[in-house]
Structures are given as C-alpha cells and as structure tokens.
Amino acid sequence: MQKYMIFDLDGTLIDSMPIWKNVGKNYIQQYGFMPPKDFEDKIKKQTLFETAHYFKKLFEIPKTENDIVAEIIAVVAEEYANHVPLKPFAKQYLEKQKQCGTKMCILTASEPDYTLTAMKRLDILHYFDFIATCTEMGLTKNDTQVFFRTMERLGGNQKNTVIFEDALYAIRTAKKGGFYVVAIAEDTHPNDTIEIQNISDKYITSYKELL
C-alpha cells in the first residue's frame, strides 16, 4: 500500500525550538516589556502574523504588524541559514522512506523565507513533494482542516497518511481529525510530555527508533 507522510518542521525534523522559545521574549524585552505568565504557551500555538497581532494588541509596540514580523524573521533567518541542525537520524529516516516510495510533504506554521534556506542547507528539500504553510492556507494547526487539505494535496487518505508532530496542540488536532500520529520528543515543552505520550499513536525520542 502506498504510504503518505505529513511532517511538521520545527521541533519535529529540525532542532529549532530553542530559537522560538526565546525570540518572542527577547523581542518584547527590547521594547521594555515583560512577558506575562502564559506568554510561551500562547505564542507557541500561533503563526508569526498572529504573534505580531498579539504583541501589537497586548504591548502596544510602536510598529506595524508587518514590521514586527519582518524584524522577528530577520533574527530567525540568520539562525536557520547557518546554525539550526536536523533532529538526530531524521535524514536517514527520510531517505529510507523515499527509497520505499513514500510520498512526503511539510506542513509548517513557519514561513518559507527562512525554512527553505535551512532545508536546502541541510539537504532535505528533495525528499518532499511540497511545503504547505498555515499562512498560505489561512488556517492554524488548531483546525483539523489544515491536515485534511494537506492530505488531499499529497494524494493520501486517513487510512494511509501519518502525521509527524512535536507540539501537543497540533497532535490534539490531528487526533481529533482521526489521523495516525507519530509524536517526536521535544525538550522545550517537557510539561506536555505525558499527555503527548497518552494521545499519540507512537512516541519516539529519536528517529533511530524507526530505522
């Protein structure tokens, strides 16, 4: 049977979550604001444009939302271009699946400006049929439609499509949509680990476990 796989990027294939954990906090602090207690939990579920809207509304930062996005991307882009590594054994797993004829794509809340740079540097772009972004679909990973639309574009169905994710909110959504979900351990959200293990179909700490 033909297999189809939809991969998240940040925290799932590339080890970029430490950057995102700090970039929002560092950004608002440069304007003299302190993040509220629920800050990290809130922004990790948002696209960059949603985060910019949140910053603008909550902190009254004297910039347009587009300017805020551009400034954050500038910081992130340098890291993606030069430093962000792959998760251990991720490339070996992608190669194995490619050789088996699996059709694969990326579904990310990040933007192509910097993700493409990282994927080219890490030499993984050729494994994927396409990169779908939440922004281009006008959806977030809180909406099951984001997974259904990506699945349909890839050519799969619920029985032969596997979702790879690290974030609890996205895993919840994928499971709500009836998908088989492989969860990848991510050190930046340890408080979510138990629930992720309970609701995902398979939980791995390394792609080595799938080789």
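**A tour in questions: helices, single residues and a pocket**

Student: What phi does Gly178 take just after helix 9?

Tutor: This is a predicted model. Gly178 sits just after helix 9. Its phi is positive, at about 85°.

Student: Which residues of helix 9 are buried?

Tutor: Buried means under 20% relative accessible area. In helix 9, six names are listed as buried. They are Leu168, Tyr169, Ala170, Ile171, Thr173 and Ala174.

Student: What do the buried residues of helix 9 pack against?

Tutor: Both helices and strands take part. The strands are strand 4 and strand 5 (180-184). The helices are helix 8 and helix 10 (193-199).

Student: Which residue follows helix 5 with a positive phi?

Tutor: Helix 5 covers residues 90-99. The phi of the residue that follows is near 85°. That residue is Gly101.

Student: Why do the buried residues of helix 5 line one face of the helix?

Tutor: The buried residues of helix 5 are Ala90, Tyr93, Leu94 and Gln97. Look down the axis of helix 5: they line one face because they fall within an arc of 100°.

Student: Which strands are included in what covers the buried residues of helix 5?

Tutor: The cover of these buried residues includes three stretches of strand. They are strand 1 (4-7), strand 2 (103-108) and strand 4 (161-165).

Student: Is Thr115 buried or exposed?

Tutor: Thr115 belongs to helix 6, residues 112-121. Its relative accessibility is 1%. The cut-off for buried is under 20%. Therefore Thr115 counts as buried.

Student: Which backbone oxygen does the side chain of Thr115 reach?

Tutor: Thr115 touches Leu9, Tyr80 and Ser110, leaving out residues up to four places away in sequence. Its side chain also comes to 2.9 Å from a backbone oxygen. That oxygen belongs to Glu111.

Student: Why does Thr140 count as buried?

Tutor: Thr140 is placed in the loop between helix 7 and helix 8 (145-154). Buried means under 20%. Thr140 meets that cut-off because its relative accessibility is 17%.

Student: Which residues does Thr140 touch, not counting those up to four places away in sequence?

Tutor: Close sequence neighbours are set aside here. Contact means heavy atoms within 4.5 Å. The residues touched by Thr140 are Glu50, Cys134 and Val146.

Student: Is Glu136 buried, exposed or partly exposed?

Tutor: Glu136 is part of helix 7, residues 134-137. Partly exposed lies between under 20% and over 50%. Glu136 has 48% relative accessibility, so it counts as partly exposed.

Student: Which residue has its backbone nitrogen 3.1 Å from the side chain of Glu136?

Tutor: Beyond its neighbours within four places in sequence, Glu136 is in contact with Ile131 and Arg153. A polar atom of the Glu136 side chain also lies 3.1 Å from a backbone nitrogen. That nitrogen belongs to Thr133.

Student: What distance separates the C-alpha atoms of Glu136 and Ala109?

Tutor: Along the chain, Glu136 and Ala109 are 27 residues apart. Their C-alpha atoms are separated by 9.6 Å.

Student: Which helix gives the largest share of the lining of the largest pocket?

Tutor: The largest pocket holds about 690 Å³ of space. Helix 1 (17-29), helix 2 (39-43), helix 3 (48-59) and helix 9 (168-176) each supply at least two lining residues. The largest share is five residues, and it comes from helix 1.

Student: How many residues of the lining of the largest pocket are charged?

Tutor: The lining has 33 residues, with Met17, Trp20, Glu40, Ile43 and Lys44 nearest the centre of the pocket. Of the lining, 14 are nonpolar and nine are polar. The charged residues number ten.

How values were computed
Residues are numbered from 1 along each chain as its sequence is written. This is a predicted model: local features need pLDDT of at least 70, side-chain atom pairs count only at pLDDT 80 or more; totals for chains, interfaces and linings use all residues. Side-chain values use heavy atoms; hydrogens and water are left out. On a 1 Å grid over the protein atoms alone, a cavity is a set of points where a 1.4 Å probe fits but cannot get out, and a pocket is an open set with protein on both sides within 12 Å along at least five of seven lines; lining residues have an atom within 4 Å of a point. Grid points are joined across faces, edges and corners, and a volume is the space filled by probe spheres set on the points. Helices (H or I, at least four residues) and strands (E, at least two) are DSSP runs, numbered from the N terminus. Ala, Val, Leu, Ile, Met, Phe, Trp, Tyr, Cys and Pro count as nonpolar, Asp, Glu, Lys and Arg as charged, and the others, Gly among them, as polar. Buried means under 20% relative accessible area, exposed over 50%, partly exposed in between (1.4 Å probe, protein chains only). A polar contact is a pair of N or O atoms within 3.5 Å; within protein, one must be able to donate a hydrogen and the other to accept it, and residues adjacent in sequence count only if both atoms are side-chain atoms. The arc is that of the directions from the helix axis to the C-beta atoms.
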